[in-house]
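I opened this model to look up its fold, its core and the surroundings of its ligand. My entries follow in that order.

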Amino acid sequence: MRKVVFFITLIFLAVPVGAAEGNLKNIMQGLERNFTQLVEALLVGDREQLVEAAGEIAQHPEIPGYQRVLIAEELGEEIAQFAQFDRVVHTLSLGLQEKGLVMTEPELLRNTQEILAACFSCHVAYKDRISPILE
Ligand code: HEC
């Protein structure tokens with residue numbers, strides 16, 4: 001019994017119920033906002049804003065556990081590819097956050113393009129399959 005209570009407490013600590021970014025759609029809407037900020041910063045040459053937006057993308061909230069289970073059930077082994085797209089977005093945006101102040105303009109552009117390519121690749125491969133099962 002004590003074990004069960006302990007476990008339930010753990011779940012509640014790990015999954016803040018009703019948090020604003022509580023599902024994949026909200027997380028994606030946040031990414032869209034941050035990516036738009038990133039592009040705007042690139043175009044107006046505001047490196048502080050660029051680094052901040054890249055940091056927000058790199059530290060986006062995690063997909064909640066119950067949705068991760070649904071996605072894993074739908075994708076099976078392909079979950080590895082799904083996770084890989086997420087890792088690419090993470091690595092590139094972290095690079096921009098850490099080095100965006102000193103990168104050359106072509107490097108900034110290439111990194112930003114590669115982030116968009118990873119966002120879009122995951123959408124092309126998985127969005128239509130995953131969206132309906134999360135509703
Ligand atoms: C690992 C896969 C993956 C990556 C990487 C990814 N997305 Fe998504 N995205 C999804 C899925 C799946 C959905 C559908 C979610 C749903 O309908 O619940 C989605 C939906 C969206 C939506 C639509 C939200 C809505 O209101 O319907 C936007 C906007 C979006 N993503 C932006 C981005 C941006 C910007 C990035 C990169 C910075 C990104 N995504 C990276 C998988 C991904």
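What percentage of the 135 residues in the protein is buried? I note that buried residues make up 14% of them, where buried stands for 20 or more other C-beta atoms within 10 Å of the residue's own, with C-beta atoms placed from the backbone.

I keep in mind that this is a predicted model, in which local features need pLDDT of at least 70 and side-chain atom pairs count only at pLDDT 80 or more, while totals for chains, interfaces and linings use all residues. Residues are numbered from 1 along each chain as its sequence is written.

Fold. I looked up the elements and found six helices and zero strands, taken as DSSP runs (H or I, at least four residues, for helices; E, at least two, for strands) numbered from the N terminus.

Core. I then turned to the largest nonpolar core, a set of buried Ala, Val, Leu, Ile, Met, Phe, Trp, Tyr and Cys residues joined through C-beta atoms within 7 Å. It has 14 residues, of which L38, L50, A53, A54 and I57 touch the most other members. Helix 2 (24–44), helix 3 (47–58), helix 5 (79–99) and helix 6 (105–133) each give two or more residues to this core. Leaving aside neighbours within four places in sequence, I found A54 in contact (C-beta atoms, placed from the backbone, within 7 Å) with L38, S93, L96, Q97 and G100.

Ligand. I looked up the 22 residues around the ligand, and M28, E32, C119, C122 and S131 come nearest, a residue being near if its C-beta atom, placed from the backbone, lies within 6 Å. Helix 6 gives the most to this shell, with nine residues.

Definitions and conventions:
Buried ≥ 20, exposed ≤ 12 C-beta atoms within 10 Å, placed from the backbone. Contact = placed C-beta atoms within 7 Å.
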